[in-house]
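Reader: I should like a close look at the nonpolar core of this protein. Please describe that part first and then relate it to the rest of the chain.

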Amino acid sequence: MLYPILFFGNTVIKFGWFLQAIVVIYLLFYISARISTKVAHTNPEAALCILMTFALSLYMGGCLIMNLSDTWYETVLAFLAGMLIAANKPVVDMILATKWRTIWILTILLFAFAFCFLFRRASFVPELPAMILKMITSPLFVLCWIPVMRLKSLANPFTAFLSKLFLEIYICQGLAFLLLSNKYWNLEGWSFFFSVFPLTILMAWTVKPLTTRFMEWGKNLRNSIKSK
């Protein structure tokens, strides 16, 4: 039945929460962007970051009120960090050009410290600080990769191929998990990873024509509405 997807926190497909959370966050981003361009003509980027901080706070509050798992909101700071970096790209590039080694080492140390606390499950860390620490690891992980990408570009035919399937990968990864997590396959550890990854890519490539046609239909519908 399709009715569960109408209620936030429920999904038709197992592991589908990830795609639903992304849709909600990007919807908040779209609304915030539209508002910021209308109310802040001098510095819309700063207004967008402020609005998204408020919107993501409401999103996390809603998740807490509905008693959803922390997986629904624990990585939202990575989204906000990406926005802040994009809004201040010239300054960030200037700092990284001269002090990228120092920033990289400090970021790795902070990430390792937080990571060890989380996975060691230190009993002396209260629940709320532990949750905040867990949320901080996501932007730290992103920052760890920025200096690496400055030294070595990740652009290659394979990553270019994956970039064309990013939406379909989000859609299909839950189905791949579900198909390989049953009593018939009984895959664990690395065997599960090396099975679910190619299956997700294959499924994403298969449904790509369908999502492309759907997106084209959406664009045509939007253009027809604007023209009226």
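Author: What follows begins with the overall fold, turns to the core, and then takes up several individual residues.

The model is predicted. Its secondary structure comprises 8 helices and 0 strands, giving the pattern α-α-α-α-α-α-α-α along the sequence. Of the 228 residues of the protein, 26% count as buried. Among contacts between residues at least 6 apart in sequence, 65% join residues at least 24 apart.

The largest nonpolar core has 19 residues, of which Met52, Tyr59, Trp72, Tyr73 and Val76 touch the most other members. At least two residues of this core come from each of helix 1 (17–39), helix 2 (44–65), helix 3 (76–87) and helix 5 (127–151). The greatest contribution is that of helix 2, with 8 residues. As a general matter, nonpolar side chains in soluble globular proteins tend to be buried together.

Methionine 52 merits separate attention. Residues up to four places away in sequence being set aside, methionine 52 touches Ile25, Leu28, Phe29, Ser32, Phe79, Leu80 and Met83. Several of these partners return in the packing of helix 1 against helix 3, where Ile25, Tyr26 and Phe29 of helix 1 meet Val76, Phe79 and Met83 of helix 3. The axes of these two helices, helix 1 and helix 3, come within 12 Å and cross at roughly 35°. The crossing of helix 1 and helix 3 is right-handed. By class, the contact between helix 1 and helix 3 has 6 nonpolar residues, with no polar and no charged residues.

The loop between helix 2 and helix 3 offers two residues for consideration. Glutamate 74 lies in this loop and, at 15% relative accessibility, counts as buried because the cut-off for that class is under 20%. Neighbours within four places in sequence aside, glutamate 74 is in contact with Met131, Lys134, Met135 and Ser138. Asparagine 67 is found in the loop between helix 2 and helix 3 as well, but asparagine 67 counts as exposed, at 69% relative accessibility. The phi angle of asparagine 67 is near 55°, a positive value in a residue other than glycine.

Charged and polar residues elsewhere in the chain complete the picture. The count of salt bridges comes to 1. It is formed by glutamate 168 and lysine 208, whose closest N and O atoms are 3.8 Å apart. This pair links distant parts of the chain, since glutamate 168 belongs to helix 7 (residues 166–180) and lysine 208 to helix 8 (residues 189–227), with the two positions 40 residues apart in numbering. Glutamate 168 has 3% relative accessibility and therefore counts as buried, whereas lysine 208, at 27%, counts as partly exposed.

Helix 7 also holds glutamine 173. With a relative accessible area of 18%, glutamine 173 is buried. Once neighbours within four places in sequence are left aside, glutamine 173 is in contact with Phe18 and Thr200.

Key:
Residues are numbered from 1 along each chain as its sequence is written. This is a predicted model: local features need pLDDT of at least 70, side-chain atom pairs count only at pLDDT 80 or more; totals for chains, interfaces and linings use all residues. Side-chain values use heavy atoms; hydrogens and water are left out. A nonpolar core is a set of buried Ala, Val, Leu, Ile, Met, Phe, Trp, Tyr and Cys residues joined through side-chain atoms within 4.5 Å. Buried means under 20% relative accessible area, exposed over 50%, partly exposed in between (1.4 Å probe, protein chains only). Helices (H or I, at least four residues) and strands (E, at least two) are DSSP runs, numbered from the N terminus. Contact means heavy atoms within 4.5 Å. Axes are lines fitted to C-alpha atoms, for helices over the stretch in contact, and angles run from 0 to 180 degrees between N-to-C directions. A crossing is left-handed if the near helix is turned anticlockwise from the far one by less than a right angle, and right-handed if clockwise. Ala, Val, Leu, Ile, Met, Phe, Trp, Tyr, Cys and Pro count as nonpolar, Asp, Glu, Lys and Arg as charged, and the others, Gly among them, as polar. A salt bridge is a side-chain nitrogen of Lys or Arg within 4 Å of a carboxyl oxygen of Asp or Glu.
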